[in-house]
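Biologist: Could you take me slowly through one helix of this model, and set that helix in the context of the chain around it?

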Amino acid sequence: MSITFVTGTSTGVGKTVTTAALASVLTGSGSVAVCKPAQTGLLPGEPGDIADVVRLAGAVTTVELARYPEPLAPDTAARRAGMPLLRCGEVVESVRELAAKHDHVLVEGAGGVLVRLGEGGFTLADVAAGVRDAGVGEVAAVVVVDPALGALNHAELTVRALRSAGVRCAGLVIGAWPGEPDLAMRCNLDDLPAVTGVPVIGRLPEGAGAMGRAEFAAEARRRCAPGLAAHSSRSTQPRPESRASVRPPVRDAISPASAPDPAAGTATVIAASAPPGPTP
């Protein structure tokens, strides 16, 4: 059983399309659940990232834990809306419950890896570390990257943050590769593995999110399956810096460089913490 956290180097880099592509590929080897801890920028009933995953990937179980109306970082959006903040423990427990019933669990973050998701400023890296410490399965992260100029710095910082949390980074996915990449993009594709120390395991074509399900599934298999297969052959995880049950938010501990379609799936929204948007 695998638990994969999908984060990005920023907002709008293709996390949801990548999550859908991974889900589409993984359905070929067992049941898949997708968890979206916090959706922002949408009102109750409006289709969010989870709906896009179901539209593109089909038969997957989905859970959304909280929804806030303004398109902001989740903790900011919660405070401004006067709504309850997510707690790290409840997100870890939700992932653990999904992992008990499915072969693969994907957890899509909001924005970058150090975006604050809720109470105490916890981040997606903290959730991944908590799930790892719970010992419920193999935990890894995938970083979605915008290939444009700046990608090297953003990707390296993100991978460092994951390493600081003791979370293995399985690789990078280019969320939207254009038909005519510029010079910086072509160079970045070669340099990303060198500066981050992890491979590029997928490269989705620009506009993939607008494809029909069958076309998307074929592209996902072609673009991501070989990289996923290579990474899943690994089982070694980095030694965590600490096994303490209570740890400071990862944002404070970056280390220096080291090496609705109901016919298709089960869409379960575990309630938004209160009333009332796309996620940063």
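Modeller: Before we reach the helix, one term is needed: a nonpolar core is a set of buried Ala, Val, Leu, Ile, Met, Phe, Trp, Tyr and Cys residues joined through side-chain atoms within 4.5 Å. Please keep in mind throughout that this is a predicted model. With that term in hand, we can say that the largest nonpolar core has 48 residues, and that Ile3, Phe5, Tyr68, Leu86, Val131 and Val145 touch the most other members. A second, separate core has 31 residues, among them Leu22, Ala170, Ala208 and Phe216. In soluble globular proteins, nonpolar side chains tend to be buried together. To see what one member of the largest core meets, take leucine 86, which, when its neighbours within four places in sequence are left aside, is in contact with Pro37, Ala38, Leu65, Ala66, Tyr68, Val91, Leu117, Gly118, Glu119 and Phe122.

The chain that holds these cores has eight helices and eight strands, and of its 280 residues 51% are buried. It exposes about 11500 Å², of which carbon and sulfur atoms supply 55%.

The helix I have chosen for you is H7, which runs over residues 183–196. H7 has 14 residues and reaches 20 Å from its first C-alpha to its last, which is close to the 20 Å expected at 1.5 Å a residue. Even so, H7 bends by about 45° at aspartate 190, and a proline, proline 193, follows within four residues. At the N-terminal end of H7, aspartate 182 acts as a cap, with a side-chain oxygen lying 3.2 Å from the backbone nitrogen of alanine 184. After H7 comes glycine 197, whose phi is positive, near 80°.

Which residues of H7 are buried? Met185, Asn188, Leu192 and Thr196 are. An α-helix has 3.6 residues a turn, so residues three or four places apart point the same way. The cover over the buried residues of H7 includes strand E5 (138–145), helix H6 (151–164), strand E6 (169–177) and strand E7 (200–205).

Two of those covering elements, E5 and E6, lead us to other residues worth a look. Alanine 140 lies in strand E5, and it counts as buried because its relative accessibility is 3%, where the cut-off is under 20%. Alanine 140 and cysteine 169 are 29 residues apart in sequence, yet their C-alpha atoms are 5.6 Å apart in space. In the loop between H6 and E6 we find arginine 168, which is buried, with a relative accessible area of 3%. The side chain of arginine 168 is joined to that of glutamate 138 by a polar contact of 2.6 Å, and although 30 residues separate arginine 168 and glutamate 138 in sequence, their C-alpha atoms are 9.5 Å apart.

For a comparison within another helix, turn to H2 (residues 49–57), where valine 53 has its place. Valine 53 is buried, with a relative accessible area of 0%, and, not counting residues up to four places away in sequence, it touches Thr16, Thr19, Ala20, Val34, Gly58, Val60 and Glu108. From C-alpha to C-alpha, valine 53 and threonine 18 are 9.0 Å apart, with their places 35 residues apart in sequence. Aspartate 52 also lies in helix H2, but at 30% relative accessibility aspartate 52 counts as partly exposed. Its C-alpha atom is separated by 9.7 Å from that of threonine 19, which is 33 residues away along the chain.

Definitions and conventions
Residues numbered from 1 in each chain as written. Predicted model: local features only at pLDDT ≥ 70, side-chain atom pairs only at ≥ 80, totals over all residues. Heavy atoms only, no water. Helix = DSSP H or I, 4+ residues; strand = E, 2+ residues; numbered from the N terminus. Buried < 20%, exposed > 50% of the residue type's maximum accessible area, 1.4 Å probe, protein only. Areas by Shrake-Rupley, 256 points an atom, 1.4 Å probe, with all protein chains shown as cover. Contact = heavy atoms within 4.5 Å. Expected span 1.5 Å × (residues − 1). Bend = angle between axes of the 7 residues up to and from the residue. Polar contact = N/O pair within 3.5 Å; in protein donor to acceptor, adjacent residues only side chain to side chain.
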